Amino acid sequence: AKFHESTTIEIIWTIIPVIILVLMAVPATSTMIAMYDASESDMDIKITGYQWKWHYDYGESNVSFFSNLSTPQDQIHNNAPKGEHYLLEVDQPLVLPIHKKIRFLVSATDVIHSWWVPALAIKRDAIPGFVNEAWTRIETPGIYRGQCTELCGSGHGFMPIVIKAVTEEEYAVWLQSKQVQAKAETAMS
């Protein structure tokens, strides 16, 4: 059998997929741009990774603190039964209001860390000398847990992240108490 190419058909089956790809690329691109747009946030939180803890700075509110692992040493050394949130407990959680666009500015002081909270779809590398940004809007009050996901040394497994999402009223009360505490600590210095 003899077959002969049809230029018209080849042009059609090339143009139609190109049109489909362009039609898919337009909404996908606008969605990607919106996903990474951290501008116009209601508040900024600076997150700094240290070996082996996190530092949170609330910027203009003059509130900052370290968040350290609070799992009892007896559990870590297998001298006591493990708790429900073994190695995912901190002494001071990051407290955030719900229904606000929150921008995170993530960096580190010593080695590369990675700030990861899967329930909020946030994972950003904390690299010394660089600032990476991410954002979220939490809709439901509750506790959200995460971890450092970059092997950062012998204490890597001891860098949990705990976010406590609260109503705006609860957040205002918490923030005011932290500001009073910060003023008292400054006055004692």
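This report describes a sheet, two pockets and some unusual backbone geometry in a predicted model.

**The sheet**

Five strands make up an open sheet of mixed pairing, and their order across the sheet is 3-2-1-5-8. Its edges are formed by strand 3, residues 64-67, and strand 8, residues 132-137, each of which pairs on one side only. Averaged over the sheet, and with direction ignored, neighbouring strands are turned by 25° against each other. At the strand 3 edge, the pairing with strand 2 (residues 53-57) is antiparallel and consists of four bridges; in strand 3, F66 is the bridge partner of H55.

**The pockets**

The table sets out the two pockets by volume and by the classes of their lining residues.

| Pocket | Volume | Lining by class |
|---|---|---|
| Largest pocket | about 210 Å³ | five nonpolar, two polar and five charged residues |
| Second largest pocket | about 180 Å³ | seven nonpolar, one polar and two charged residues |

The lining of the largest pocket includes D42, M43, D44, Y58, G59, E60 and S61, together with P97, K100, E168, Y171 and L175. Strand 1 (43-50) and helix 3 (168-188) each supply at least two of these lining residues, and helix 3 provides the largest share, namely three residues.

The second largest pocket is lined by M35, Y36, L120, A121, I122, K123, R124, A134, W135 and T136. Here strand 7 (122-126) and strand 8 each contribute at least two residues to the lining, and strand 8 is also one of the edge strands of the sheet described above.

**Backbone geometry**

The peptide bond that leads from Q51 to W52 is cis, with omega near 5°, and W52 itself is found in the loop between strand 1 and strand 2.

Two residues other than glycine have a positive phi, and both are in loops. L87, with phi of about 65°, is placed in the loop between helix 2 (73-76) and strand 4 (94-97). A121, with phi near 55°, belongs to the loop between strand 6 (113-117) and strand 7, and A121 is also listed among the residues that line the second largest pocket.

Is each of these residues buried or exposed? L87 has a relative accessible area of 17% and is therefore buried, given that the cut-off for buried is under 20%. A121, by contrast, has a relative accessibility of 71% and so counts as exposed, the cut-off for that class being over 50%.

Conventions
Residues are numbered from 1 along each chain as its sequence is written. This is a predicted model: local features need pLDDT of at least 70, side-chain atom pairs count only at pLDDT 80 or more; totals for chains, interfaces and linings use all residues. Side-chain values use heavy atoms; hydrogens and water are left out. Two strands pair if DSSP finds at least two bridges between them. Axes are lines fitted to C-alpha atoms, for helices over the stretch in contact, and angles run from 0 to 180 degrees between N-to-C directions. On a 1 Å grid over the protein atoms alone, a cavity is a set of points where a 1.4 Å probe fits but cannot get out, and a pocket is an open set with protein on both sides within 12 Å along at least five of seven lines; lining residues have an atom within 4 Å of a point. Grid points are joined across faces, edges and corners, and a volume is the space filled by probe spheres set on the points. Ala, Val, Leu, Ile, Met, Phe, Trp, Tyr, Cys and Pro count as nonpolar, Asp, Glu, Lys and Arg as charged, and the others, Gly among them, as polar. Buried means under 20% relative accessible area, exposed over 50%, partly exposed in between (1.4 Å probe, protein chains only).
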